[in-house]
Amino acid sequence: MKTLVLKVNPKKPELEKIRIAAELLRKGKLVAFPTETVYGLGANAFDEQAVKKIFKAKGRPLDNPIIVHIYSLKQLYEIASKIPEEALLLAKRFWPGPLTIILPKKKSIPDVVTANLKTVAVRMPKHAVARALCKQAALPIAAPSANISGKPSPTSAKHVKEDFYGKIACIIDAGRTNIGLESTVVDLSSKRPVLLRPGGVTAEQLKKILTELEVHAVAKAEKSVSIAKSPGTKYRHYAPEAKLILVEGKKEKALAKAVELAEQHAISGLRTALLLIDVKKDMALENVVVKRFSTKLSAARHLFSALRELDEQGIEIIVVNGIDERGLGLAIMNRLRRACSERIRV
Ligand code: TXA
Ligand code: MG
């Protein structure tokens, strides 16, 4: 298949280019597009056949439901059957933005989108390109992250091309995404609000609006619990080709252990990298590739691209230090716990 790549201005997307992509969506084709979190692989959410193409292209298990992206609050009423007060409060505070809300669904959304669940996940993205595309298509857009299932999510069009060039109709290239981790997912479909996936909006921010919020065990990814409510959480995610070892514990101790392990693996002859999260001081180690992020914000923004880059360099072992779960820390730890093949506690 020929893939049309449209380079657009991330802040002021050229209308004529967005119209081409919107028309492809309306014809039932797949279009990859940037959002403020990660790139999405979009299809017309009302078109069952088009949505099936997403599952096929990604190799995504059919029991993993997809987020529906909207442009206006009016569209929310077209796809959700019950919209509680809390949903409107959250929408007012965080939309457009990196928050996904789960609500009871209307029949307008085909079952394939929601993997036969009675609920639908909805998000109003903030990225100017995503907004322009939703507006021009005049459709809700079903879109998971634009990566082959199991791989790190794409934060640039380059990543999307690696996985889908020649396999989908169109890729909109607007450079790097800003937040770098996927949206926060909150379930408002039952009595109490539940945080299912931490992301760009923090649990602390949500608690300022919601009087109660249960942080589900899957949000921490503490152990590999799976729940019927969010089937996607049972699959391993974000995994690089390299073996990723996560060292958790008090900051200084975890850091010291991560350094020790990286040095040991390097001495044993393996191509080794050390990923430092929220570490202010520079560090150089012999025969170890060191990638350091000095804040949680920059770690979130660059984590997925760092994992892909280390794979490209042929790294065999990546050791990473765990951090505290405050603010973006919870989202970062969730991704690391789900991406790693080994967890060590010190
Ligand atoms: O930032 C994001 O959310 C990106 C951009 C493209 O918007 N999208 C994204 O989609 O991360 P995806 O498919 O990679 O992750 C969606 C998550 C999955 O864990 C899925 O299981 C969950 O949301 N989900 C979707 N619909 C659901 C539903 N009805 N009930 C519970 N969980 C749902
Ligand atoms: Mg994904």
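# Close-up views of a predicted model

**Figure 1. Helix α11, its length and its bend.** Helix α11 runs over residues 296-312, and at 1.5 Å a residue its 17 residues should span 24 Å; the end C-alpha atoms are 24 Å apart, so expectation and model agree. All of these views come from a predicted model. Where does α11 bend? The bend is at His-302 and amounts to about 50 degrees. Just beyond the helix, look for Gly-314, which follows α11 and has a positive phi near 75 degrees.

**Figure 2. The buried residues of α11 and what covers them.** Start with the buried residues of α11, which are Lys-296, Ser-298, Ala-299, Ala-300, Leu-303, Phe-304, Ser-305, Ala-306, Leu-307, Arg-308 and Leu-310. Which elements cover them? The cover includes two helices, α7 (157-164) and α12 (329-339). Strands β13 (272-277), β14 (288-293) and β15 (317-321) are also part of that cover. As a reminder for reading helices, an α-helix has 3.6 residues a turn, so residues three or four places apart point the same way.

**Figure 3. The second largest pocket.** This pocket has a volume of about 480 Å³. Its lining is made of 23 residues, and those nearest the centre are Glu-36, Pro-98, Lys-126, Asn-178 and Ile-179. Helix α11 from the earlier views returns here: α11 and α4 (85-94) each supply at least two residues of the lining. What is the make-up of the lining by class? Ten residues are nonpolar, seven are polar and six are charged.

**Figure 4. A cis peptide bond after α4.** Trp-95 and Pro-96 are joined by a cis peptide bond, with omega at about -10 degrees. Pro-96 belongs to the loop between α4 and β5 (99-104).

**Figure 5. Leu-206 and its neighbours in α8.** Leu-206 sits in helix α8, residues 203-207. Is Leu-206 buried or exposed? Its relative accessible area is 0%, so Leu-206 is buried. Setting aside neighbours within four places in sequence, Leu-206 is in contact with Leu-90, Phe-94, Leu-99, Thr-184, Val-186, Leu-195, Val-201 and Leu-213. For one of these partners, Thr-184, the separation from Leu-206 is 22 residues along the chain and 9.7 Å between C-alpha atoms.

**Figure 6. Thr-119 and the loop before β6.** Thr-119 lies in strand β6, residues 119-123. With a relative accessible area of 19%, Thr-119 is buried, because the cut-off is under 20%. Apart from neighbours within four places in sequence, its contacts are Ile-102, Leu-103, Pro-104, Lys-105, Thr-114 and Ser-189. The loop between α5 (111-114) and β6 holds Asn-116. Asn-116 is not a glycine, yet its phi is positive, about 70 degrees. Its relative accessible area is 59%, so Asn-116 is exposed.

**Figure 7. Ala-138, a positive phi in the loop after α6.** Ala-138 is found in the loop between α6 (128-137) and β7 (141-142). Ala-138 has a positive phi of about 55 degrees although this residue is not a glycine. At a relative accessible area of 54%, Ala-138 is exposed.

**Figure 8. Two loop residues, Ser-149 and Asn-64.** Ser-149 is placed in the loop between β7 and α7. Its relative accessibility is 28%, so Ser-149 counts as partly exposed. Which residues does Ser-149 touch, not counting those up to four places away in sequence? They are Lys-58, Gly-59, Arg-60 and Pro-61. The C-alpha atoms of Ser-149 and Lys-58 are separated by 5.4 Å, with the two positions 91 residues apart along the chain. Asn-64 lies in the loop between α2 (48-58) and β4 (67-69), and at 8% relative accessibility Asn-64 counts as buried. From Asn-64 to Lys-135 the C-alpha separation is 26 Å, for residues 71 apart along the chain.

**Figure 9. Ala-266 in helix α10.** Ala-266 is part of helix α10, residues 251-267. A relative accessibility of 13% means that Ala-266 counts as buried. Leaving out residues up to four places away in sequence, Ala-266 touches Thr-272, Glu-286, Asn-287 and Val-288. Ala-266 and Ile-317 are 51 residues apart in sequence, and their C-alpha atoms are 8.8 Å apart in space.

Methods
Residues are numbered from 1 along each chain as its sequence is written. Chains are lettered from A and ligands numbered from 1 in the order in which they are written. This is a predicted model: local features need pLDDT of at least 70, side-chain atom pairs count only at pLDDT 80 or more; totals for chains, interfaces and linings use all residues. Side-chain values use heavy atoms; hydrogens and water are left out. Helices (H or I, at least four residues) and strands (E, at least two) are DSSP runs, numbered from the N terminus. The expected span of a helix is 1.5 Å times one less than its number of residues. The bend at a residue is the angle between axes fitted to the seven residues ending there and the seven starting there. Buried means under 20% relative accessible area, exposed over 50%, partly exposed in between (1.4 Å probe, protein chains only). Contact means heavy atoms within 4.5 Å. On a 1 Å grid over the protein atoms alone, a cavity is a set of points where a 1.4 Å probe fits but cannot get out, and a pocket is an open set with protein on both sides within 12 Å along at least five of seven lines; lining residues have an atom within 4 Å of a point. Grid points are joined across faces, edges and corners, and a volume is the space filled by probe spheres set on the points. Ala, Val, Leu, Ile, Met, Phe, Trp, Tyr, Cys and Pro count as nonpolar, Asp, Glu, Lys and Arg as charged, and the others, Gly among them, as polar.
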